[in-house]
Amino acid sequence: MPRSTASLRAYVITRVILMVPMLVLLLTFTFIILRVAPGDPVSTIFGERGNPVVIDRIKTELGLYDPLYIQYFRYLRDVFTGNMGTSILTNRPVIDEISSRMPATIELTFSSMFVASVLGIGLGTFAGTRRDRLPDFATRLYGAVAYNIPIFWFGLILKLVFAVWLGWLPVSGRFSPRLSPPPTVTGLYTIDSLLAGNLPAFVDAVAHLILPSLTLGIVLSGFFVRITRVNVIHAMGSDYVEAARARGIPDRSVFFRHGLKNALVPVVTTMGLTFALLFSGAILTETVFSFEGMGRFVYLAISYRDYPAIQGAVVYYGILMVIISLGIDIVNAFVDPRIRY
Amino acid sequence: MAGLFARGRTSLVGRLIGTFIGQSRTVAGVLVWIGIAVVLAILVLAVLAPFIAPFDPNTKVASPELAPGGPFLMGTDRAGQDVLSRIIWGSRVPLAIIAVSTTISLVLGLPLGLLSGFAGGRLDRGILLVMDSIYAFPGLLLAIAIAAIIGRGILNISFAIAVVYVPTYFRVIRNHVASVKQEPYVEAAIALGMPRRRVIGRYILPNVAQSIPVIFSVNAADAVLTEAGLAVLGLGLPPGIPDWGFDISLNWQRFDSSWWATFFPGLFIMILTTALTFVGEGLNDILNPLLRKKEYKAGAQA
């Protein structure tokens, strides 16, 4: 026992140290895409009709005429000191813009993950235990269709039906303008309103979250259905399940204690990979529902060709992904001792 | 060299067709056939667009936002263009994007995967680290960043999408190579002093080639969805090219008054991507022996 704790600690420390080269690599990659790749952002922004004098001035301001290595080190310094420039659109520092919008995306991401895992694991188990029969076929069909719905379009349909036609849920936004938002503690409206003991605000925040998280969650559940199904089939056909059956353990208990439990380990570990999918989906979902998070910020940044904002968003997502993958690896090492060093 | 390629490929295609026909009564077989039929139908639509489309896709043919009916089976959009004609012509874009972007991904991912899997060691770990970082990054955002810099056009968009999927090709091929490398016949060939390039071309490549169709069909669906996402965000093709994604971006803000102009393009995206996934899932079931127990059972009974 003490040995395994020590190996877990060693693993965590190694992974935290490895984060630094990963971050630098990722930042370098971003730099290559945004600066070194052929094409130049300012000309793309202004198009061919752009005034050459203005373009020239902006390029000088952004330091795009300096040698690449100077640009590179200035860029690294800026990122590590949290200086990502000023948004052309809002004239506020990009970092402020990002940090004020981040809680919305976190709220959306977690509630979508919840929807996706409940639907996906439930249906995937259902299909996996009825292999090659009609329910299995139907669920696989659901999985394939759900995963392939254009998320933007699906959000529009849900919005039209449940918000516009039926009027059950709010059409867009994060919070009703007629209520005053709870005092900011975490920035998450659901948690802040509970902390303030403001129940109507909590209900309002949840109501605004339902459609966006259903949109994103259902699409993602297609992926979860698939991996859950495969793993349940795999686990239920394994030797240890056969052995448990042979020992006369009741079917229910074989299924829950031996089959499902083992089937879910790989599912939980792959969940981590879906964060990248979630963030991609969130960009489109937030745009449909005018949900003021990071994704909507990216959309606005593109629409107004706000180059510092685009760069800031890319860097920010990169850092976020490095941190998340660290978290996932640690959870995996905790669950599965074979991963540790 | 060319001869070796041809041999590897014909045997693979022949085997696939054989398995398809043999499996056509299983769920996987049915899905593959449905998928292939739908993809082919859309291909026909794209090729014959000038002859089938009732109207010119880029001309105002009636007043804007006419409900479906009469000469306009799917209504007209905000600009008074015929939605059906735009859908027929628009089928060309996703197919072109699939062709170009998967080719670029393959051209970049295959050699890197072969190199990494075959060489092993530090080089392998280095390439893996880079590929994993790209893979962990939200794909759409990466495509956005690239598309925002290199601008519009089928080639540019395809390139932006291709970069996102290089790691998928790389991963699958690298792992496959690493396992094939352990096979006795490959070890024997290396031990007998066969040049590395010939070992790869003669023994490894034909083996690895069978995982390409599966990645292809999965990636193809993702590529279509990514293109649509880029188009919706205003980073798609220049106006004037009928494109399903672009049509959604043009009409979505009027969704509650003229739903048809947004609904039909989205529906067609979904039909195409689902069909591609059926092909991929079916192929995977057929090529992946782990999930093929049913066939063994059937064989034992016969």
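A crossing of two helices is right-handed if the near helix is turned clockwise from the far one by less than a right angle. The views below all show a predicted model.

**View 1. Helices α5 and α12 of chain A cross with a right-handed turn.** Helix α5 of chain A covers residues 94-128. The axes of α5(A) and α12(A) come within 10 Å. They cross at roughly 115°. Angles of 65 to 115 degrees count as roughly perpendicular, so α5(A) and α12(A) are roughly perpendicular to each other.

**View 2. Side by side, residues of α5(A) meet residues of α12(A).** From α5(A) come A:T105, A:L108, A:T109, A:S112 and A:M113. From α12(A) come A:L278, A:A282, A:T285 and A:E286. By class, this contact has four nonpolar residues, four polar ones and one charged one.

**View 3. Chain A splits into two domains.** Domain 1 takes in residues 1-89 and 304-341, while domain 2 spans 94-303. Their C-alpha centres lie 27 Å apart. Where the domains touch, 22 residues of domain 1 are in contact with 18 residues of domain 2. The domain 1 side of this boundary has 13 nonpolar, seven polar and two charged residues.

**View 4. Chain A touches chain B.** Here 39 residues of chain A are in contact with 40 residues of chain B. Several helices of chain A each supply at least two residues to the side that touches chain B. Among them are α1 (2-36), α2 (41-46), α6 (134-148) and α7 (151-165). Also included are α12 (274-288), α13 (294-303) and α14 (307-335). What classes of residue make up the side of chain A that touches chain B? That side has 31 nonpolar residues, seven polar and one charged.

**View 5. B:V172 sits in helix α8 of chain B.** This helix runs through residues 154-180. Is B:V172 buried, exposed or partly exposed? A residue is buried if 20 or more other C-beta atoms lie within 10 Å of its own, and exposed if 12 or fewer do. B:V172 has 18 C-beta neighbours inside 10 Å, so B:V172 counts as partly exposed.

**View 6. B:V172 meets residues from further along the chain.** Leave aside its neighbours within four places in sequence. B:V172 is then in contact with B:S211 and B:I215. B:V172 and B:S211 are 39 residues apart along the chain. In space, their C-alpha atoms are separated by 7.5 Å.

How values were computed:
Residues are numbered from 1 along each chain as its sequence is written. Chains are lettered from A and ligands numbered from 1 in the order in which they are written. This is a predicted model: local features need pLDDT of at least 70, side-chain atom pairs count only at pLDDT 80 or more; totals for chains, interfaces and linings use all residues. Two residues are in contact if their C-beta atoms, placed from the backbone, lie within 7 Å. Helices (H or I, at least four residues) and strands (E, at least two) are DSSP runs, numbered from the N terminus. Ala, Val, Leu, Ile, Met, Phe, Trp, Tyr, Cys and Pro count as nonpolar, Asp, Glu, Lys and Arg as charged, and the others, Gly among them, as polar. Axes are lines fitted to C-alpha atoms, for helices over the stretch in contact, and angles run from 0 to 180 degrees between N-to-C directions. Angles under 35 degrees count as roughly parallel, over 145 as roughly antiparallel, 65 to 115 as roughly perpendicular and the rest as oblique. Domain bounds come from an automatic or database domain assignment.
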